[in-house]
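Reader: I would like to go through this structure and check each label against its cut-off. Please give the criterion along with the value.

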Amino acid sequence: MRLALPDTFDVVLLQGEAECFLDQDVPGDAAEAFAGKFGWDPRSEEESFLYVRVVPRTVRAWRGEPELRGRVIMRDGAWLG
């Protein structure tokens, strides 16, 4: 799976394994961490929600074209120095 955040200029590109959980199946600690961080718990809503957990293997980050070189900051799950 590849996930790009937040827009086309300031980019964080995650590549890794993704696992999806329906709100009733999400691990409790993950749901609590989400609710604590965002101040909202999707499990309390009437409609169903999908949680996606991404374990990054490679992370690239850059800000505009001048930073395209050297944008890999994680490889094979290990942060590069």
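Reader: Why does Arg43 count as partly exposed?

Author: Arg43 has 31% relative accessibility. Buried means under 20% relative accessible area, exposed over 50%, and partly exposed in between, with a 1.4 Å probe and protein chains only. The value for Arg43 falls in between, so Arg43 counts as partly exposed. This is a predicted model, in which local features need pLDDT of at least 70 and side-chain atom pairs count only at pLDDT 80 or more, while totals for chains, interfaces and linings use all residues. Residues are numbered from 1 along each chain as its sequence is written, and side-chain values use heavy atoms, with hydrogens and water left out.

Reader: What makes the pair of Arg43 and Glu32 a salt bridge?

Author: A salt bridge is a side-chain nitrogen of Lys or Arg within 4 Å of a carboxyl oxygen of Asp or Glu. The closest N and O atoms of Arg43 and Glu32 are 2.7 Å apart, so the pair meets the criterion. Arg43 lies in the loop between helix H1 (28–38) and E3, and Glu32 in helix H1, so the bridge ties together parts that are 11 residues apart in sequence. Helices (H or I, at least four residues) and strands (E, at least two) are DSSP runs, numbered from the N terminus. Glu32 is partly exposed at 49% relative accessibility.

Reader: Which residues are joined into one network by salt bridges that share partners?

Author: Asp41 also forms a salt bridge with Arg43, with closest N and O atoms 2.7 Å apart. Asp41 is partly exposed at 22% relative accessibility. Shared partners thus join Glu32, Asp41 and Arg43 into one network.

Reader: How many salt bridges does the structure hold, and how do you know that Arg53 and Glu19 form a salt bridge?

Author: The structure holds 3 salt bridges. In the pair of Arg53 and Glu19 the closest N and O atoms are 3.6 Å apart, and the limit is 4 Å, so the pair qualifies. The pair links distant parts of the chain, with Arg53 in strand E3 (residues 50–63) and Glu19 in strand E2 (residues 10–22), 34 residues apart. Arg53 has a relative accessible area of 37% and is partly exposed; Glu19, with 41%, is also partly exposed.

Reader: How do you know which strands of the sheet pair, and in what order?

Author: Two strands pair if DSSP finds at least two bridges between them. E2 and E3 pair in the antiparallel sense over 13 bridges, and 2 bridges join E3 to strand E4 (residues 72–75), also antiparallel. Both pairs therefore satisfy the rule. The 5 strands form an open antiparallel sheet in the order E1-E2-E3-E4-E5. Strand E1 (2–6) and strand E5 (78–79) are the edge strands, each pairing on one side only. Among the residues facing each other, Glu17 has Val55 in E3 as its bridge partner, and Arg60 stands opposite Val72 in E4.

Reader: Why is Thr58 called buried?

Author: Thr58 has a relative accessible area of 15%, and the limit is under 20%, so Thr58 is buried. Thr58 belongs to strand E3, and Gln15 stands opposite Thr58. Leaving aside neighbours within four places in sequence, the contacts of Thr58 (heavy atoms within 4.5 Å) include Leu13, Gln15, Val72 and Met74.

Reader: What makes Met1, Leu22, Leu50 and Val52 a nonpolar patch?

Author: Patches are made of residues with over 30% relative accessible area and no salt bridge; like charges are joined within 9 Å, and nonpolar side chains (Val, Leu, Ile, Met, Phe, Trp, Tyr) within 5 Å. Val52, for one, has 45% relative accessibility, so Val52 passes the 30% limit. The patch has about 360 Å² of accessible area together (Shrake-Rupley method with a 1.4 Å probe; for residues, only the protein chains shown count as cover).

Reader: Why is the protein described as more spread out than a compact globule?

Author: The secondary structure comes to 1 helix and 5 strands. The radius of gyration, taken over C-alpha atoms, is set against a globule rule of 2.2 Å times the number of residues to the power 0.38. For 81 residues the rule gives 12 Å, and the protein has 16 Å, well over that, so it is more spread out than a compact globule. The C-alpha atoms fill a box of roughly 45 × 25 × 20 Å along the principal axes, and buried residues make up 20% of the 81 residues.
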